[in-house]
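Colleague: I should be grateful for a close look at a single part of this protein, set within its wider architecture. Please state the cut-offs behind each term as you use it.

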Amino acid sequence: MEDRKTCIPQNAGQDIQEDIVSVLLAGVGGQGIILAAAILAEAARLGGLEVKQSEIHGMSQRGGSVVSSVRLGRQVFSPTIDRADFIVALEKLEALRYAHRLKKAGLMLISDYEIAPVSLFTSKQQYPSHLEDKIAKTGVNCQLVDAQQAACQIGHPKTVNVIMLGVLSRHMDLSLQCWLQSIEQNVPLKAVDINLEAFRRGRQY
């Protein structure tokens, strides 16, 4: 069993007294948010931590917003996140939508990719321009990741979610073996190798 302290994030300013790490994952339907949350949750369990997970997905099959929360620590009573230590956004508009949920000392990882959610079409609105500037104005500590490009380079555009987990893993002390074992347990057997490659690619950022 891993030392439970290993899950305290290194760079997020986590309140060690609280001893719970809250991660919010956001994107749109089809990006694999739920799978990414499951991989994170299982990796934490393999590390000997208690985990609570929840998810909200509206019209996920049609490009609607999807958000999942994962909380991990020695003892976790609720999956509800008020403020997150980490936000992993697979799409820039979703990053802006949830930026206010990040703790002051938290870290937001943003995939540099734009997908107009179905809600924009139904409301006849345009996709916002200059999102990077709008996100910067919120004052959040963030890192923009060209995960879509990296996923295309390895020949599997749908592995952006796992690439972003690879980036996240660099900011958490959860052991590499826990992450790799969780990926092996959560993706179909035929997709294990490419997802492991995607994860390792993410760890290069």
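Modeller: What follows begins with the overall fold and then turns to the packing of the C-terminal helices, one buried glutamine and the largest pocket.

The model is predicted, so local features are given only at pLDDT of at least 70 and side-chain atom pairs only at pLDDT 80 or more, while totals for chains, interfaces and linings use all residues. Residues are numbered from 1 along each chain as its sequence is written, and side-chain values use heavy atoms, with hydrogens and water left out.

The protein has 8 helices and 6 strands, these being DSSP runs numbered from the N terminus (helices H or I, at least four residues; strands E, at least two). Their order along the sequence is β-α-β-β-β-α-β-α-α-β-α-α-α-α. Of the 205 residues, 52% are buried, where buried means under 20% relative accessible area, exposed over 50% and partly exposed in between, with a 1.4 Å probe and protein chains only.

Strand 3 (residues 65–73) is largely enclosed by the rest of the structure, because 8 of its 9 residues are buried. Strand 3 pairs with strand 1 (residues 20–28) in the antiparallel sense over 9 bridges; pairing requires at least two DSSP bridges between two strands. Within this pairing, L24 stands opposite S69 of strand 3.

In helix 7 (residues 176–186), the buried residues are C178, W179, L180, S182 and I183. They pack against helix 1 (33–46), helix 6 (160–169) and helix 8 (192–202), a contact being heavy atoms within 4.5 Å. The buried residues of helix 8 include V192, L196 and F199, and the buried residues of this helix pack against helix 6 and helix 7.

Q148 belongs to helix 5 (residues 147–153). It counts as buried because its relative accessibility is 15%. Apart from neighbours within four places in sequence, Q148 is in contact with S111, Y113, P157 and V160.

The largest pocket has a volume of about 260 Å³. Of its 13 lining residues, G30, Q31, P157, K158 and T159 are the closest to its centre. A pocket here is an open set of points on a 1 Å grid over the protein atoms alone, with protein on both sides within 12 Å along at least five of seven lines, and lining residues have an atom within 4 Å of a point. The volume is the space filled by probe spheres set on the points, which are joined across faces, edges and corners.

Key. On a 1 Å grid over the protein atoms alone, a cavity is a set of points where a 1.4 Å probe fits but cannot get out, and a pocket is an open set with protein on both sides within 12 Å along at least five of seven lines; lining residues have an atom within 4 Å of a point.
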